[in-house]
Amino acid sequence: MQLSSDAEDLQPGKNSDRTKSDVEQVLKHLPIPVFICNNHGDLLYFNDFFKQIGMETDAEIENIRSLEALSFSDIYTNQPINNASLIDRLNSNELEVTNLKAQFKADSLKPYKISIDKINFAQNSECLRFCFTPTESLKLDEIKQTVLSAIVESSDDAIISKDLNGYITSWNQSATRIFGYSEEEIVGKHISILFPPDRIDDEQMIIETIKNGEQIDHFETLRLKKGGEEILISVTISPIRNASGKIIGASKIVRDISDRYKQELKQAMLSSIVSSSDDAIISKNLDGIITSWNLGATRIFGYSEQEMLGTSVKKLIPENRINEEDIIINNIKSGKRIAHFETKRLAKDGKKIPVSISVSPIKDSSGKIIGASKIARNIKDRRKAKQKIKKYNQKLEIINTIGTEISSNLDVQIVLQKVTDATTKLSGAKFGAFFYNSEDESGEAMMLYTLSGATKEDFEKLGMPRHTQIFKPTFGGQGILRIDDIKSDPRYGNNPPHKGMPIGHLPVSSYMAIPVITSSGNVIGGLIFGHPEKGKFKEDHENIVKNIATQAAIALDNSRLFERVRSLSEKKDEFIALASHELKTPLTTVIGYLQVLEKKIKEPLSRKFLSKSLDQTYKLNSLIEDLLNMSRIEAGKLDFSYEDFDITAMLQDLSETFNDGENTHNLISNIGDQPLMVTADKQRIEQVVRNLLSNAVKYSPQAEEIYLDLNAKDNKVIVKVRDNGIGLTPQQKKQVFNRFYRAETTKGINGLGLGLYLTKQIIDGHDEELIVKTEIGVGSEFCFTLERAH
């Protein structure tokens, strides 16, 4: 420190014998603050300048420890030094005088450098003289320190200092963010608080390196956060030196590289995925120049990475699809992603490959689009699989359809044609045919019955002996025959008069024949298939056709049975019609004679017997008429004679006739007197109403009344007949209109079960509805509608 000439006399070691008054005289008017204290900090003297800026009041300050107007701190770290311990630390040489600076509250903008020396004063040889000198360099250091502090606090990295014993002396905000400890929590703690147990040895290595004056650069290791979580860090450690160059601690710059590590790991994984992907993963710039090319791209397109990098992606695009690249680039420039665009691209060998392409924009760190990433998947196998699934679904649809049609159809011709068409399509045959296993006079022929994919002309000149070596296995019941190339089969071409393929024969290489066998084991016939290409028929074709042939055999059995039943039914209907007709003729004569006798005989008993006989003949006549009508319905010969008539008048007449007759029930009518004209067969409708009234009486034996209603709604009239009789169960209701059906609850009640059957057929013949509402034990209501006349 440079002083004035007066001050120089006070430098350590000079004139140390001077008297107290001499010292005071020299120091009194110095332009710098000075005070003298003993080794306990008691103030022995201070000059005028010190009093001016260092004494807050005129009160007498006895000890430096209680001097609040003056503060001390470290020049380098800016850490405050407690006044109470200052003297003790100086006496023990713990503090370096050269590291000290001072600040007066009265002169807060001006830092002072301190010089301290020992002098004799007032007969005390253990006195300390403090001289405070303002310097511009110190001010610059302060500014520098302020700037450095701002940098430290704003850094994204943790900046930590510690002494050589490992105790933390400073801690910035980023250290709090990274490790979780606040400055108050951590300063003064040992640095090992941040070390995982297996990394404690790191600290000894670091301290040894620092003591040797060496720096540790970018040392990657693990440290602990406040909650015990391990984080990956990169740390740079430098020695801290004092003004004299002595190493007094270490400064650490810590960077959390967990995210970087995760990113690197993610990048490595992505690179691995890209490298191992079966898809082509390609990147290009906005000019379409390829910038990356993975192994998947090589496998799909055949080009190596070296061949493709730096070339235009148009090299892979067929000429007729070049415009696709412009569309893709325009979309990418607009920031749009293209997903699963199916197209074709060129391989190195010139083949066109079906691909599905997804293209995404590539952006730089500022978000600017700089290129595109393309994933191309070879969808050749997928398309084949889709075609296979489509064909499989088509086959299933055909199988389901043919199964339904076979089971629901009893016409032999229709069944066999559908079976032949379906199996030809399912097997992929060029043509198919069904041959009946029948014989001609020589016992050697089969009968061609149905064809698919060919015409009968193709077979006209071809003799079909069934006992040749090729056909015998099928029609002899030996099983299925499937040949990849019939021309090379030793059984082929050995039947006269043809040796080999007859002239004009359909070209056949692949051959398959499936016998159609009934449940009793009889071979009905065979399904024969051919194709000009070799090896067209596979085992699954054989299995599919075999299953359908089994269904067809059942259907054919059913058809034959149906034909027999239909034939018997026709004969039965013929018999019933004939018998009914033959019965009706003499019965009509009998009725006529009985009616004549009824008029002539007056004797009561005879008249009574005659009347009952006549009633029974009427019933017999009605039954015969029902049987005739049923035969007409079965033969489709139930004719209708339509006319316009007033149904109100018809029902009124029926009601009067019913109530005037000898009936067990009273008919309650709600018909009205307004004319309601309908267009229908009057005689048949009257028969319907009579049948319903007769049934109402018959099936309500315990009741006394039945009901007849007539209503009009819109363009319809509605007729209802209701009883309070035995009713029907839900199961009986389903069968009540069946021919000859009699419910088990009707035992003891006369009837053939034809009345409601005929009634339903008559109403159906008018394209109208007959509906029944019923409840067991409560009664039944039969309702039918008719169209009003226009």
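Here are some questions and answers about the predicted model above.

This is a predicted model, so local features need pLDDT of at least 70 and side-chain atom pairs count only at pLDDT 80 or more, while totals for chains, interfaces and linings use all residues. Residues are numbered from 1 along each chain as its sequence is written, and side-chain values use heavy atoms, with hydrogens and water left out.

Q: Which strands form the open sheet of five strands, and in what order?
A: Helices (H or I, at least four residues) and strands (E, at least two) are DSSP runs, numbered from the N terminus. Two strands pair if DSSP finds at least two bridges between them. In this sheet the pairing is mixed, and the order is 24-26-27-29-28.

Q: Which strands stand at the edges of this sheet?
A: An edge strand here has a single partner strand, so one side of it is left without a neighbour in the sheet. That describes strand 24 (666–670) and strand 28 (770–775).

Q: What is the average twist from one strand to the next in this sheet?
A: Axes are lines fitted to C-alpha atoms, for helices over the stretch in contact, and angles run from 0 to 180 degrees between N-to-C directions. From one strand to the next, the twist averages 15°.

Q: Which residue of strand 29 stands opposite K773?
A: Strand 28 and strand 29 (residues 779–787) run antiparallel and are joined by six bridges. Opposite K773 in strand 29 stands E781.

Q: Which helix packs on the sheet, touching strand 24, strand 26, strand 27 and strand 29?
A: Contact means heavy atoms within 4.5 Å. The direction of this helix makes about 175° with that of strand 26 (705–713). The helix, residues 647–660, is helix 19.

Q: Which helix gives the most to the largest nonpolar core?
A: A nonpolar core is a set of buried Ala, Val, Leu, Ile, Met, Phe, Trp, Tyr and Cys residues joined through side-chain atoms within 4.5 Å. The largest one has 35 residues, and I647, M650, L651, I685, L710, F784 and L786 touch the most other members. Elements that each supply at least two residues include helix 19, strand 25 (677–680) and helix 22 (755–765). The most, seven residues, comes from helix 20.

Q: Which residues does I685 contact, leaving aside its neighbours within four places in sequence?
A: I685 is one of the core residues that touch the most other members. Its contacts, with those neighbours left aside, are F645, M650, A680, I763, H766, F784 and L786.

Q: Is N691 buried or exposed?
A: Buried means under 20% relative accessible area, exposed over 50%, and partly exposed in between (1.4 Å probe, protein chains only). N691 lies in helix 20 (residues 682–698). Leaving aside its neighbours within four places in sequence, N691 is in contact with G755 and T759. Because its relative accessible area is 16%, N691 is buried.

Q: Which backbone nitrogen does the side chain of Q732 reach?
A: Q732 is found in helix 21 (residues 730–735), and its relative accessibility of 2% means that it counts as buried. Its side chain reaches, at 2.9 Å, the backbone nitrogen of T729.

Q: How many residues of strand 22 are buried?
A: Strand 22 (residues 523–531) runs antiparallel to strand 18 (residues 431–436), with six bridges, and antiparallel to strand 21 (residues 510–517), with eight bridges. In strand 22, G530 is the bridge partner of F431, and I528 is the bridge partner of A513. Strand 22 is mostly covered, and its buried residues number nine of nine.

Q: Which residue in the turn between strand 8 and strand 9 has a positive phi?
A: Three bridges join strand 8 (residues 158–163) to strand 9 (residues 168–171), and the two run antiparallel. S161 stands opposite S170 in strand 9 and opposite S251 in strand 12. The hairpin of strand 8 and strand 9 has four residues between them, and the turn residue with a positive phi of about 90° is G166.

Q: How many disulfides does a search of the whole structure find?
A: A disulfide is a pair of cysteine sulfur atoms within 2.5 Å. The sulfur of C37 is 7.8 Å from the closest cysteine sulfur, in C127, so this pair is too far for a bond. Across the whole structure, the number of disulfides found is zero.

Methods. A polar contact is a pair of N or O atoms within 3.5 Å; within protein, one must be able to donate a hydrogen and the other to accept it, and residues adjacent in sequence count only if both atoms are side-chain atoms.
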